[in-house]
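Got the viewer open? Here's a short tour, one selection at a time.

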Amino acid sequence: MAPSSGAGNAGDPAPSTPARRVDAQRNRARLLAVAEREIAVNGAGASLEQIARVAGVGSATARRHFPTRRALLEAVFDDQVAELCAHAHERADAADPRAALLEWLGELTAYAARVRGLSAALLRHSPADFEVLRETCASDRLLGAGATLVARAADSLTPGTTSADLLDLVTGIALATEHHPDPAASAVRLLDLAVAGISPRGA
């Protein structure tokens, strides 16, 4: 029997690689779909293990795609966060910087209140797994997107106001209203109160 060559042995696993890649993509898509449904119905409190069970994949497989529950939440919200960031960039050159900032904050507030669990996911001071994903987390992306709007509207804001301050404000409002009958409407109303002040001078 002729000895097998080293090159042949090295190439043996190759045929299965595309199949493994397809399986991995399918598992990731299934995890995201289940997580989206869980968040829509029950909020973002479901564990990664629970989502993996419902999706029919093993816990180890789930963690290869999403090392932490926070990573999975951020993947679920990624598209919407990207859209919110894009809207901030589109408003960067608006003729009325104050109006542009307030419109964007209203959009962010309504979405954060409407999607149960997003407000908690946006919290900047979260558990230890936050540090692992700091470079890609939703809050950092939104902070960066809002910073330009805040800078351009600085003359109409209380001195020292930062995009981090405003994100904290939005997060608090969303957390307070996400269980209201109409979370988005309640959240936007509270944002309007915060902007106007509860006792404006001259009222």
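One bit of vocabulary before we start: Ala, Val, Leu, Ile, Met, Phe, Trp, Tyr, Cys and Pro count as nonpolar, Asp, Glu, Lys and Arg as charged, and the others, Gly among them, as polar. Also keep in mind that what you're looking at is a predicted model.

**Stop 1: the largest pocket.** Select Leu157, Thr158, Leu166, Ala194 and Val195. Of the 13 residues lining the largest pocket, these sit closest to its centre. The space in there comes to about 270 Å³. Now colour the lining by class: you'll get nine nonpolar residues, three polar and one charged.

**Stop 2: the helices around it.** Show α6 (97–114), α10 (163–177) and α11 (183–196), the elements that each put two or more residues into the pocket lining. Which of the elements gives the most to that lining? It's α6, with four residues.

**Stop 3: α6 and its partner.** Keep α6 on screen and add α5 (residues 69–90); the two axes come within 10 Å and cross at roughly 165°. Angles over 145 degrees count as roughly antiparallel, so that's what α5 and α6 are to each other. The crossing is right-handed.

**Stop 4: the contact itself.** Turn on side chains for Phe77, Gln80, Leu84, His87 and Ala88 on α5, then for Trp104, Glu107, Leu108 and Tyr111 on α6; these residues make the contact. Use the class colouring again here: the contact splits into six nonpolar, two polar and one charged.

Technical notes. Residues numbered from 1 in each chain as written. Predicted model: local features only at pLDDT ≥ 70, side-chain atom pairs only at ≥ 80, totals over all residues. Heavy atoms only, no water. 1 Å grid on protein atoms, 1.4 Å probe; cavity = no way out; pocket = protein on both sides within 12 Å on 5 of 7 lines; lining within 4 Å. Points joined across faces, edges and corners; volume = space filled by probe spheres on them. Axes fitted to C-alpha atoms, helices over the stretch in contact; angles between N-to-C directions. Parallel < 35°, antiparallel > 145°, perpendicular 65-115°, else oblique. Left-handed = near helix turned anticlockwise from the far one by under 90°. Contact = heavy atoms within 4.5 Å.
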